[in-house]
Each structure stands twice: as C-alpha cells, then as structure tokens.
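Take a look at the chain below. The report that follows walks through its core, its cavities and a few of its residues.

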Amino acid sequence: MSATLSASTLLAVPLAPLVGAVVAGLFGTKFGGNHIGRKVAHSLTILGVFVAFVISAMTLKSVVADGARFNATLYEWMVVGGLKMEVGFLVDGLTAMMMCVVSFVSLMVHIYTIGYMEEDEGYNRFFAYISLFTFSMLMLVMSNNMLQLFFGWEAVGLVSYLLIGFWFNKPTAIFANMKAFIVNRVGDFGFILGIGLIAAYAGTLNYGEAFAKANTLAGITFPGTEWMLVTVICICLFIGAMGKSAQFPLHVWLPDSMEGPTPISALIHAATMVTAGIFMVARMSPLFELSDTALSFVLVIGAITALFMGFLGIIQNDIKRVVAYSTLSQLGYMTVALGASAYSVAVFHLMTHAFFKALLFLGAGSVIIGMHHNQDIRWMGGVRKYMPITWITSLLGSLALIGTPFFAGFYSKDSIIEAVHESHLWGAQFAYYAVLAGVFVTAFYSFRMYFLVFHGKERYDLNPDKHHHASDEEPDHGHHANHSTPHESPWVVWVPLVLLAIPSVVIGYLTIDPMLYGEFFKDAIFVDAGKHHAMKEMAEAFHGPMAMALHGLTAAPFWLALAGVVLSYYMYMVNPALPAAIKRAFGPVYRLLDNKYYLDWINENIVARGARAFGTGLWKGGDQALIDGAVVNGSWKLVGRISGAVRWLQSGYIYHYAFAMLLGIFILMTYFVWFKR
C-alpha cells in the first residue's frame with residue numbers, strides 16, 4: 001500500500017456520487033416528499049460526481065508520476081470455509097484510468113442533463129439514477145475481488161434497466177428495458193459460472209490470490225472432459241462480457257436501449273456499462289493468456305461484431321441508432337484486440353472511444369433539441385448554419401471515430417488493426433480482414449449521418465410527422481416548438497460538447513506511448529510475450545505518435561476511410577437518387593439488414609417460444625403430472641388403497657380368519673404336492 005493513496009480518500013470516489021443519488025432520490029422525488037427542488041438536486045449530484053473526478057484525477061497523477069499503488073481490503077463481510085467475501089480496492093494504472101474516464105464522462109452527462117431534461121417531470125429522479133449508475137461503475141472498476149466486481153456488474157445492469165425504461169409510460173421503453181435485463185441475465189449466467197469455478201478450484205475471490213494460482217489452474221482438466229479448466233473459466237467469463245459489452249449474438253439489447261433519454265445513451269454506450277466487459281477481460285489477462293482457445297473465441301466473436309454490426313448502421317435513419325450501431329462495431333474492435341492479446345490496446349481504444357462516442361451521442365441529442373425532437377436524419381439537412389457549435393464538435397467526433405490521422409481514434413484503431421495483423425492465433429486472418437473492412441463501413445455510415453444532418457438541402461418541411469409529435473423515440477420533455485427551424489442548444493448542452501471534443505482530438509497523441517509501449521499498465525495487464533508477440537512486434541515498429549500519424553496517411557485504413565467518406569458524399573450530396581436505386585436492386589440484402597439479420601425474430605419466435613413451450617411442459621408434465629399428480633397425490637392415493645385393502649382383511653370376524661387359515665393351508669398343500677414331487 002502506498003502512503004500517497006489513502007483508503008479514506010479512495011472511498012470518497014464512489015461514495016460522493018452515491019450520497020448525491022440518495023439525497024436526490026429520497027428527498028427530491030414523490031417517494032420522499034419532494035423536499036428539495038431541481039436546482040438543489042442537480043447541484044448535489046453534479047458536486048458528487050465532480051468530487052469523484054477530482055480525486056480520480058489526483059489518483060491518476062500519483063499512479064503515473066509517483067508509481068503509487070493501493071490494494072487492500074476495506075471491509076470483510078464474512079468467511080465461508082476458507083473463502084473470504086470482502087470489499088476492497090485495487091488501484092493501479094488500469095483502475096486509475098477507468099476512474100478518470102467514468103467520472104469525467106459522467107460529469108459531462110450530468111451538466112448536459114440540466115438542459116436536455118429541462119422540463120421533464122422526472123428531472124430529480126433522472127439525476128438520482130445517473131449518479132447511482134456512476135457509483136455502481138466506480139465500485140466495479142475499483143474492486144480487488146470478484147465478489148465486489150459482480151456486485152458492481154449487477155448494479156450497473158439494474159440501474160441501466162431503470163434508465164432505459166425511464167419513461168415508463170412508453171410501451172416501447174418498457175419492452176426495451178426488459179429486453180436489456182433478460183439478455184444481460186443470459187450473459188451473467190456464464191459470468192457467475194466462471195467466478196464460481198475460480199472460487200471452487202482456486203479457493204479465493206481475490207484477484208491477486210487467484211492470479212497467483214493461474215499456472216495450477218492451467219494444469220487441471222474440466223471434470224468429465226479433456227478441456228482445460230482455464231479455457232472453460234475464460235469462456236464463461238467472456239460470455240458475461242458478451243452480454244454486458246453487447247457482442248454477437250447477445251448484442252440485441254443495445255440498439256433498443258435508445259428508448260431511454262439521450263444522456264443515458266451517452267453514459268451507457270460511451271465509457272461505462274458497455275465497456276465493463278472489456279475492462280473485466282483486460283483485468284483477467286493472467287487467466288486468458290493461458291488459453292489460446294479462449295483467445296481465438298474472443299477474437300472471432302469480436303470480428304463478427306465489428307463488421308456485421310457496422311453494416312446495420314448503414315441503413316439506420318434514426319440519428320441515435322446510427323451512433324448505437326457504431327458503438328456495437330467499436331466494441332467489436334476492442335474485443336478483437338483482447339483476443340489478439342493486445343489488452344492495453346483494447347483499453348486504450350476504450351478510453352479514446354469514451355470521449356468521442358460520448359461527444360457523438362450528446363451531439364445527436366443537441367441536434368434532437370435543435371430539431372424540436374425530430375430524430376429522423378432524412379428530414380434534416382443544412383443544420384450547420386443554425387447550430388455551429390454542435391456542427392464543429394460533431395465533425396470532430398466523426399473524424400475521431402473513423403480513425404483520421406492525428407485524432408484520438410486513429411491511434412487506438414490503427415493499433416488494433418496492427419495488433420490483429422501480427423497475431424497468429426486461429427481466426428486472426430478473418431479478424432484482420434473484418435476490422436479492415438470495418439474501417440470503410442464506419443466511415444461510410446458516420447459521414448452519411450453527418451452529411452444528411454449538417455449539409456445539403458433543408459428538408460424540415462418534408463417531414464411527414466411535423467404536425468404530430470416530432471419523435472416516436474423520445475417524448476417532448478420541455479423543448480416545445482412553434483416552428484421547424486433549428487436552433488443552437490443552450491450553454492449547458494454545448495459546453496460538455498466542447499469539453500469532450502478536446503480529448504477526442506488530442507488524447508490519443510498524448511497517451512499512446514506510455515499506455516501501449518511504456519509501463520502504464522505494468523502491474524495491471526499480463527501478456528505472455530513468448531506465446532503472443534503482437535505487442536512486442538508493434539513496439540519495435542513504433543517511432544512516436546507523429547511518425548505513426550504520418551505513416552497512417554499512406555496506409556490502407558486511411559484510404560479505406562477516405563473512400564467511405566467520398567462515397568457517402570457522392571451518394572447523399574451529389575447523386576441522392578443512387579441509394580434508392582441500390583435499395584431496389586438489392587432488396588433481399590436490404591431486408592436482411594432492416595430486420596437486423598432476423599435475430600430479434602429468432603429470439604422472439606424460436607428461442608422465447610421454445611422456452612415458453614419447454615417451461616409449459618415442465619409445469620404441466622413435471623410439476624402438475626409428475627410431482628403433484630404422481631408423487632404427492634399418487635403417494636396418498638396408494639397409501640389409501642393399501643390401507644383400504646388391509647382394513648377389509650382385518651374385519652374382526654373369527655370365521656373370516658378361519659377361512660383365511662384354511663385357504664392358506666390349502667395353498668401350501670397344493671404347492672408341496674404338485675411342485676415338490
């Protein structure tokens with residue numbers, strides 16, 4: 001334990017947002033009597049998150065500059081056998097970076113919410129929820145054991161359920177939050193199995209103690225099979241990450257989560273909930289390094305998600321859903337890096353993506369406000385001259401997303417492509433071409449949205465819903481409109497955009513060297529360089545961020561991204577009739593994408609119906625017929641029949657007993673005469 005990091009100071013990081021959430025939730029809502037107003041509620045919650053950010057920034061400085069570390073138990077809950085269940089913090093480079101990213105993005109979302117949820121009836125409740133979400137995520141990333149990790153894991157899932165269904169009078173919101181909750185439970189079942197196997201075979205839930213026994217676990221086979229135990233553990237853990245970080249096929253909940261207010265779209269999809277799975281796998285790197293099978297599984301799943309979820313972004317017309325499918329694709333990129341044993345690259349992209357994706361979501365929300373809650377990009381156009389701040393910040397976010405040299409996304413995205421290119425695991429070649437193709441796809445759908453929103457002909461008056469509610473996605477909560485002309489958002493909305501745009505541009509250039517090729521993650525991430533040498537080869541080829549960016553101007557990813565931008569400009573600005581012609585020519589492909597590969601149909605009509613049929617069979621056949629009918633009711637009926645027969649034989653009449661004795665003697669005599677001769 002370092003003297004520069006005190007337990008009480010670190011404890012204030014998650015507790016400050018929790019205090020704000022409790023006060024706003026108890027005393028600022030109908031539940032607690034509405035004793036505090038909106039200003040007090042948002043001031044307290046913002047103050048709590050600001051305190052968390054300041055302490056997180058100070059912690060990061062101590063970790064980087066002084067090499068400070070913290071790993072200790074704060075509270076021992078109970079001991080079962082030799083298994084300790086406790087609350088504790090582990091602070092190293094990985095944790096300190098995550099603390100800063102989570103608290104900073106959350107702070108921006110809190111400030112933004114003042115303007116976005118201006119007249120919503122659930123204003124105080126919303127602030128309570130997002131502060132509680134921040135507390136849950138901080139507890140997750142700061143944990144030093146798997147029990148606390150699981151607590152934070154489930155807590156962010158619970159609060160995301162509340163946030164996605166925030167407008168609980170909307171049937172679509174209720175369906176979306178239930179869908180998110182159920183799909184995440186599927187992944188969490190695998191996650192808790194993985195934790196259970198570690199507890200059973202390592203005898204501990206503490207990270208350090210479990211990792212110390214990693215080589216022992218590697219020598220054990222799973223009972224009844226020839227599989228390595230560590231492979232089973234890692235795949236189970238990753239199934240949890242597939243649910244939380246929305247990897248194929250457990251990705252289906254994330255696009256529907258757009259039913260929640262835009263601020264929580266940024267909070268869930270940028271730096272917090274969806275990146276929990278990426279963080280967890282990086283934290284578990286000492287285990288994953290022992291199983292090439294598990295790494296290949298991670299690699300292939302990530303590649304499928306990165307490419308095929310990007311295709312879905314091409315046909316989306318809702319501005320938030322375009323950004324949501326972009327999130328799915330970028331999470332696939334992070335997962336590919338994990339599979340290539342480039343854990344630091346995955347976490348690096350997690351950080352850069354947090355800033356520019358939060359920027360894009362909040363920028364989309366600003367456009368929605370300015371467009372009086374129209375979310376359909378087909379009825380926008382020419383917004384740039386009305387919303388200059390939203391325009392320039394959204395442009396910077398888009399350039400970062402597509403990996404433009406010198407922008408934050410370039411350094412992390414190109415590093416992922418290079419890492420998977422250097423990997424020799426099974427599936428690496430497929431993953432390489434998938435992420436390379438994904439560069440073009442990302443650039444195309446990102447700038448399709450950008451051009452349709454900010455440039456070209458104004459199409460506001462063509463909107464068929466302009467006389468009705470402007471959006472089927474979000475209720476009008478205070479931003480009433482008397483006309484259709486866009487307008488710039490208030491300062492509480494655009495200030496967070498500017499503050500997020502700055503790291504979206506510069507953070508990659510400033511941090512790539514220490515995070516990927518320095519000792520920033522030296523105690524947090526383990527890579528077996530003898531078996532998995534992608535990072536070693538990348539380090540030998542790295543000559544600084546400037547040289548990397550200049551070389552990037554001549555590399556394939558840059559030209560693929562440029563081709564995507566140019567093609568989107570031609571199709572939607574120069575020749576807008578072409579997309580409709582392509583749609584007619586490739587009708588079956590469009591229907592496949594429009595129906596999201598029919599995965600929702602399969603889940604609802606095959607998986608869900610099959611589960612209901614199976615459950616009904618268990619209920620009627622197992623519970624009613626077997627348990628109630630045969631075991632419970634059958635047992636007493638059998639006893640009743642036997643007792644009735646015995647009661648009939650025990651009549652009490654002497655001549656009945658005499659007759660039974662004579663009958664018995666006759667049977668015995670017959671037996672000995674005929675069968676014993």
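How many nonpolar, polar and charged residues does the lining of the second largest cavity have? By class there are five nonpolar, one polar and four charged residues. Keep in mind that this is a predicted model.

**Cavities**

The count comes to three cavities of 30 Å³ or more. Two of them are set out here.

| Cavity | Space | Lining by class |
|---|---|---|
| Largest | about 90 Å³ | nine nonpolar, three polar, no charged |
| Second largest | about 60 Å³ | five nonpolar, one polar, four charged |

Start with the largest cavity. Its lining is made of I319, V323, L360, G363, A364, V367, S394, S398, M449, Y450, V453 and F454. Four elements give two or more residues to this lining: α15 (319-339), α16, α17 (388-401) and α19 (428-454). No charged residue is found in the lining.

Now the second largest cavity. K179, H251, V252, P255, D256, L312, Y325, K596, L599 and D600 line this space. Here the elements that give two or more residues are α10 (253-256) and α26 (599-649).

**The nonpolar core**

In soluble globular proteins, nonpolar side chains tend to be buried together. The largest nonpolar core in this model holds 206 residues. Within this core, M97, L237, M284, L287 and F288 touch the most other members. Helix α16 (residues 343-370) gives the most to the core, with 19 residues. The core also draws on two domains, with at least three residues from each. Domain 1 covers 12-68 + 93-120 + 131-141, and domain 2 covers 69-92 + 143-463 + 487-574.

Pick out M284. Leaving aside neighbours within four places in sequence, M284 is in contact with M146, L149, Y207, F211 and L237. L237 is also among the core residues that touch the most other members.

**A serine in a helix**

S136 sits in helix α4 (residues 123-142). Is S136 buried or exposed? S136 is buried, because its relative accessible area is 2%, and the cut-off for buried is under 20%. Not counting residues up to four places away in sequence, S136 touches G152, A155, V156 and V159.

**The loop between α9 and α10**

This loop has two residues to look at. P249 lies in the loop between α9 and α10. A cis peptide bond joins F248 and P249, with omega about 0°.

L250 is found in the loop between α9 (229-244) and α10 as well. L250 counts as buried, at 15% relative accessibility. Which residues does L250 contact, leaving aside neighbours within four places in sequence? They are V183, V186, G187, I239, M242 and G243. L250 and N184 are 66 residues apart in sequence, yet 7.8 Å apart in space, C-alpha to C-alpha.

**Positive phi angles**

Two residues with positive phi close the tour. F406 is not a glycine, but its phi is positive, at about 85°. F406 lies in the loop between α17 and α18 (408-422). F406 is partly exposed, with a relative accessible area of 31%.

Y597 is a residue other than glycine too, and its phi is near 60°, a positive value. Y597 lies in the loop between α25 (587-594) and α26. Why does Y597 count as buried? Its relative accessibility is 18%, and buried means under 20%.

Terms used
Residues are numbered from 1 along each chain as its sequence is written. This is a predicted model: local features need pLDDT of at least 70, side-chain atom pairs count only at pLDDT 80 or more; totals for chains, interfaces and linings use all residues. Side-chain values use heavy atoms; hydrogens and water are left out. Buried means under 20% relative accessible area, exposed over 50%, partly exposed in between (1.4 Å probe, protein chains only). Contact means heavy atoms within 4.5 Å. A nonpolar core is a set of buried Ala, Val, Leu, Ile, Met, Phe, Trp, Tyr and Cys residues joined through side-chain atoms within 4.5 Å. Domain bounds come from an automatic or database domain assignment. On a 1 Å grid over the protein atoms alone, a cavity is a set of points where a 1.4 Å probe fits but cannot get out, and a pocket is an open set with protein on both sides within 12 Å along at least five of seven lines; lining residues have an atom within 4 Å of a point. Grid points are joined across faces, edges and corners, and a volume is the space filled by probe spheres set on the points. Ala, Val, Leu, Ile, Met, Phe, Trp, Tyr, Cys and Pro count as nonpolar, Asp, Glu, Lys and Arg as charged, and the others, Gly among them, as polar.
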